[in-house]
Amino acid sequence: MARILTGIQSTGTPHLGNILGAIRPAIAESALPANDSFLFIANWHTLTQIKQAELMREYTYSVAACWLAFGLDPQKSTFYRQSDVPQVAELTWYLNCFTPFPMLANAHSFKDKSDRLSDVNAGLFSYPVLMAADILLYGANVVPVGKDQVQHLEITRDIASTFNRLVGGSLVVPEARLNKETMYVPGTDGQKMSKSYGNYINIFLSDKELKEVINKKIVTDATPLEEPKDAESSVVYQLYKLIVPSDRSAEMKSKLEAGGYGWGHAKKDLLEALMEGYRTERDTYNRYMNDKAELDRLLAIGAQKANAVADQTLAMVRSCLGY
Ligand code: ADP
Ligand code: TRP
């Protein structure tokens with residue numbers, strides 16, 4: 001049996017990149033009968049960027065509702081908020097003392113964020129250690145993540161091995177699981193879709209708002225309607241291909257390449273695929289966002305299960321360290 005674990009930061013409403021790159025693959029893994037899974041909302045990580053309590057609360061609920069909308073089964077999975085298991089802070093401190101400073105200084109996600117953000121706090125710098133604690137606290141074997149998180153998994157493996165070697169611990173050394181097809185979801189401008197680039201698609205918007213994003217934000221070239229177009233290099237087609245079955249995307253590709261089918265037509269087809277394809281998920285998301293008491297109830301059950309596992313790991317760790 002493999003223990004699957006992954007977390008999503010609550011720095012906004014999850015976008016299509018988060019859903020295809022992280023949420024859906026994690027749910028698929030966790031649904032396998034042989035697996036046991038820990039799926040959580042990484043709302044302590046969020047604090048590196050968001051300091052308003054109201055937003056913190058709202059986005060935490062938004063990520064929870066998204067997990068559930070995409071099929072997370074709270075009976076089968078342990079589903080919780082990071083902040084409901086404060087033991088992770090204790091483990092983070094211990095692991096900090098097993099983390100070589102240069103390893104964090106070389107983390108490209110820190111370099112990338114510190115170039116972009118105005119608030120470059122120490123939390124942002126030591127973030128990979130908190131992430132390692134998130135994973136090691138629960139003895140996860142497999143961590144489904146996007147490509148940008150692979151280095152953090154390497155750091156986690158390094159910290160766990162060092163801890164085990166130096167003090168005779170029994171932390172499980174986890175592996176990253178990359179979903180190849182969807183590991184790079186392009187944003188409306190063709191760069192990697194990201195909250196911080198403002199190029200994301202929020203599928204939970206109303207039909208009207210979603211239409212605006214697709215029509216106004218997705219970039220296309222100026223090839224006239226009647227001329228053949230290069231499908232593979234276009235964002236509209238790249239996104240369409242990620243969300244519809246292959247026969248439907250092949251159909252769009254041949255229409256684009258034949259000419260007489262414009263970018264406007266392709267956008268209309270993409271919009272329909274998003275609205276129809278995710279109809280149920282969008283409804284479920286809104287239902288949960290209008291029933292936060294139910295979200296609190298489900299998360300409290302998960303927190304209880306997570307706390308029990310966290311206490312066991314911490315007992316081992318403390319004993320290895322002489323506390
Ligand atoms: P963002 O870049 O929008 O801030 P996060 O860093 O919070 O997103 O990412 C949350 C999860 O979603 C991570 O596992 C990440 O790898 C995955 N992810 C984010 N953006 C994409 C994308 N464009 N394509 C594939 N996966 C993504
Ligand atoms: N750092 C991850 C991200 O930005 C979120 C995260 C926090 C995470 N803790 C984790 C992912 C543990 C996997 C496992 O996307």
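Helices and strands here are DSSP runs, numbered from the N terminus, with at least four residues for a helix and at least two for a strand. With that in hand, let's take a walk through this structure, which is a predicted model.

We can start with His45, which sits in the loop between strand 2 and helix 2. Is His45 buried or exposed? Its relative accessibility is 3%, and buried means under 20%, so His45 counts as buried. Now look for Lys292, which is 247 residues away from His45 in sequence. In space, the C-alpha atoms of His45 and Lys292 are 22 Å apart.

Step on into helix 2, which covers residues 53–69, and you'll meet Val63. Val63 counts as buried because its relative accessibility is 0%. Thr11 is 52 residues from Val63 in sequence, yet the two are 9.0 Å apart in space, going from C-alpha to C-alpha.

Next, go back to helix 1, made of residues 16–31. Where does helix 1 kink? Look at Ile23, shortly before the proline Pro25, where there's a kink of about 30 degrees. Helix 1 is also largely enclosed by the rest of the structure, because 13 of its 16 residues are buried.

Helix 1 leads us to the largest pocket, since it is among the elements that give two or more residues to the pocket's lining. The others in that group are strand 1 (3–9), strand 2 (36–42), helix 5 (108–116), helix 6 (122–136) and strand 4 (142–145). How much space lies in this pocket? About 1,100 Å³. Its lining takes in 43 residues, and if you want to find the centre, the ones nearest to it are Gln9, Asn18, Asp148, Gln149 and Lys192. By character, the lining splits into 17 nonpolar residues, 18 polar ones and eight charged ones.

Some of those central names come up again around the ligands. Ligand 1 has 15 residues around it, and His15, Asp148, Val185, Ser194 and Lys195 are the closest. Take Asp148: an N or O atom in its side chain is 2.5 Å from an oxygen atom of ligand 1. Val185 uses its backbone instead, with an N or O atom there lying 2.9 Å from a nitrogen atom of the ligand. Then there's Lys192, whose side chain has a polar atom 3.4 Å from a nitrogen atom of ligand 1.

Which residues are closest to ligand 2? They're Gln9, Tyr127, Met131, Asp134 and Gln149, out of 14 residues that surround the ligand. Gln9 places a polar side-chain atom 3.1 Å from an oxygen atom of ligand 2. In Tyr127, a polar side-chain atom lies 2.7 Å from a nitrogen atom of ligand 2. Gln149 joins in as well, with a side-chain N or O atom 3.1 Å from a nitrogen atom of the ligand.

Let's move further along the chain. Strand 5 runs over residues 175–178 and includes Ala176. Ala176 has a relative accessibility of 34%, so it counts as partly exposed. Its C-alpha atom is 4.8 Å from that of Val143, although 33 residues separate the two along the chain.

Further on, helix 10 spans residues 246–258 and holds Ser249. Ser249 counts as buried because its relative accessibility is 4%. What lies 3.2 Å from a polar atom of the Ser249 side chain? That would be the backbone oxygen of Ser246.

Our last stop is helix 13, residues 292–321, where you'll find Ala306. With a relative accessible area of 0%, Ala306 is buried. Tyr138 is 168 residues away from Ala306 along the chain, but their C-alpha atoms are separated by 7.7 Å.

Key:
Residues numbered from 1 in each chain as written. Chains lettered and ligands numbered in written order. Predicted model: local features only at pLDDT ≥ 70, side-chain atom pairs only at ≥ 80, totals over all residues. Heavy atoms only, no water. Bend = angle between axes of the 7 residues up to and from the residue. Buried < 20%, exposed > 50% of the residue type's maximum accessible area, 1.4 Å probe, protein only. 1 Å grid on protein atoms, 1.4 Å probe; cavity = no way out; pocket = protein on both sides within 12 Å on 5 of 7 lines; lining within 4 Å. Points joined across faces, edges and corners; volume = space filled by probe spheres on them. Nonpolar A, V, L, I, M, F, W, Y, C, P; charged D, E, K, R; others polar. Near = heavy atom within 4 Å. Polar contact = N/O pair within 3.5 Å; in protein donor to acceptor, adjacent residues only side chain to side chain.
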